[in-house]
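The following paragraphs are meant to be read with the model open alongside. They go from strand pairing to the metal site, and from there to the cores and the backbone details.

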Amino acid sequence: MRVRFWGVRGSIACPGPATMRYGGNTPCIEVRCGERVLIFDAGTGLRSLGIELLKDKKIRDVDIFITHCHLDHVSGLPFFAPFFREDYRVRVWAGNLMPSNSIEHVMRKLMSSPWFPVPIEIFKAKIEFRDFKSGDVLRPHDEITLRTGLLDHPDSTNGYRLEHGGRTFALLCDTEGFPGKRDTEMVSLARQADLAVYDATFTEGEMTSKGGWGHSTWMRGVRMANEAKVKHLCLFHHDPSHDDDFMDKLAAEANDVRAGTITAREGQIIDL
Ligand SMILES: [Zn+2]
Ligand SMILES: [Zn+2]
């Protein structure tokens, strides 16, 4: 299993000289399971991933798993190059939108006036929309299992646990992580994962004024990772106001408390 980060920033893209090293694009993670390509979230990082995918002629089939439909997690969708290719098949998965909504409806709305100049019909790929609810077990391919669970965030974010070839990757973002039932669910999604990617948007100090916003801290991530016996914790969804120097300090502090903690950078590749 190979994990590659194409966007690690939360809330809004923030490219510029102060974020060069950690990156300014919003969430997009590529996970390769052998020949299979699984994409988690479709933030602005999705654009570069799409361009890269087209260079590999063996790949013509991908799955995109959305955690939730806040703009920082879906705004890359209209710019995903494989959507414009007739020979491509893309399945887009999202949880907890039914019955009043669906991922197809969300994407149609995103690509409609006055927000976007062309409708979804501009795409040439075969696109399939797969709605599910948190708690469902997804099997996009025979050799791949995805367990899902509800996280603590406005608009019902879904957490993922991906299992393939004896390796486990967990994505727990966006979430605040109050103690209680949902934390138990999160810990079970992360249980003994080789890599658990966690929402570490805020510091503990920032949480005093930003509690209830649906985001967490690296300290809560460490507690979760210890409880779930995660191998590597990976901090993700960095606040746009945290520049590279700030992120270096945060990364060092977290690593002091839990050795081996990774602070995600755009472009980073992790082999599991
Ligand atoms: Zn977000
Ligand atoms: Zn969100």
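In this predicted model, the hairpin made by S2 and S3 has two residues between its strands, and Gly-34 there takes a positive phi near 60°. The two strands, S2 and S3 (residues 36-40), run antiparallel and are joined by five bridges, and in S3 it is Arg-36 that serves as the bridge partner of Cys-33. S2 also pairs with S1, again in the antiparallel sense and over five bridges, with Phe-5 standing opposite Ile-29 in S2. Five of the six residues of S2 are buried, so this strand is largely enclosed by the rest of the structure.

The loop that lies between strand S1 (2-7) and strand S2 (28-33) contains Thr-26, a residue that counts as buried because its relative accessibility is 2%. A polar atom of the Thr-26 side chain lies 2.8 Å from the backbone nitrogen of Thr-44. If its neighbours within four places in sequence are left aside, the residues in contact with Thr-26 include Gly-7, Val-8, Ile-12, Gly-43, Thr-44, Asp-72 and Ser-75. Ser-11 is found in the loop between S1 and S2 as well; although it is not a glycine, Ser-11 has a positive phi of about 75°, and at 41% relative accessibility it counts as partly exposed.

Asp-72, one of the residues in contact with Thr-26, leads on to the metal site. Which residues supply the protein donors of the zinc ion (ligand 1)? They are Asp-72 (OD), His-73 (NE2), Asp-174 (OD) and His-237 (NE2), lying 2.1 Å from the ion, and in sequence these donor residues are spaced D-H-x100-D-x62-H. The angles among the four donor atoms run from 91 to 165°, and the site is irregular. Four donors count as tetrahedral if all angles lie between 85 and 135 degrees, so the upper value of 165° at the zinc ion (ligand 1) falls outside that range. Asp-174 bridges the zinc ion (ligand 1) and the zinc ion (ligand 2), which lie 3.6 Å apart. Distant parts of the chain are linked by the pair Asp-72, in helix H2 (residues 71-74), and Asp-174, in the loop between S10 and helix H4 (181-190), the two being 102 residues apart. Asp-72 is buried, with a relative accessible area of 8%, and Asp-174 is likewise buried, with a relative accessible area of 1%.

The loop that holds Asp-174 follows from S10, and strand S10 (residues 167-172) is itself mostly covered, five of its six residues being buried. S10 pairs with strand S9 (residues 158-164) in the antiparallel sense over five bridges, and the two form a hairpin with two residues between them, in whose turn Gly-165 has a positive phi of about 55°. S10 is also joined by four bridges to strand S11 (residues 195-199), and here the strands run parallel. Leu-171 takes part in both pairings, since it is the bridge partner of Tyr-160 and stands opposite Val-197 in S11.

Turning to the nonpolar interior, the largest core has 30 residues, and those with the most contacts inside it are Ile-39, Leu-53, Val-62, Ile-64, Leu-77, Phe-80 and Phe-83. The elements that give two or more residues to this core are S3, helix H1 (46-54), strand S4 (61-66), strand S5 (89-95) and helix H3 (103-110), with H3 giving the most, four residues. Val-62, leaving aside its neighbours within four places in sequence, is in contact with residues including Ile-39, Leu-53, Phe-80 and Val-90. A second, separate core of 27 residues includes Val-31, Phe-40, Leu-138 and Tyr-160.

Some backbone details remain. Asp-41, in the loop between S3 and H1, has a positive phi of about 75° although it is not a glycine, and at 2% relative accessibility Asp-41 counts as buried. A cis peptide bond with omega of about 5° joins Met-98 and Pro-99, where Pro-99 is found in the loop between S5 and H3. Another cis peptide bond, also with omega of about 5°, joins Ser-113 and Pro-114, and Pro-114 is found in the loop between H3 and strand S6 (126-132).

Terms used
Residues numbered from 1 in each chain as written. Chains lettered and ligands numbered in written order. Predicted model: local features only at pLDDT ≥ 70, side-chain atom pairs only at ≥ 80, totals over all residues. Heavy atoms only, no water. Buried < 20%, exposed > 50% of the residue type's maximum accessible area, 1.4 Å probe, protein only. Pairing = 2+ DSSP bridges. Polar contact = N/O pair within 3.5 Å; in protein donor to acceptor, adjacent residues only side chain to side chain. Contact = heavy atoms within 4.5 Å. Donors = N, O, S within 2.8 Å, 3.2 Å for Na, K, Ca; no water. Tetrahedral: all angles 85-135°; square planar, octahedral: opposite > 155°, others 65-115°. Core = buried A, V, L, I, M, F, W, Y, C linked by side-chain atoms within 4.5 Å.
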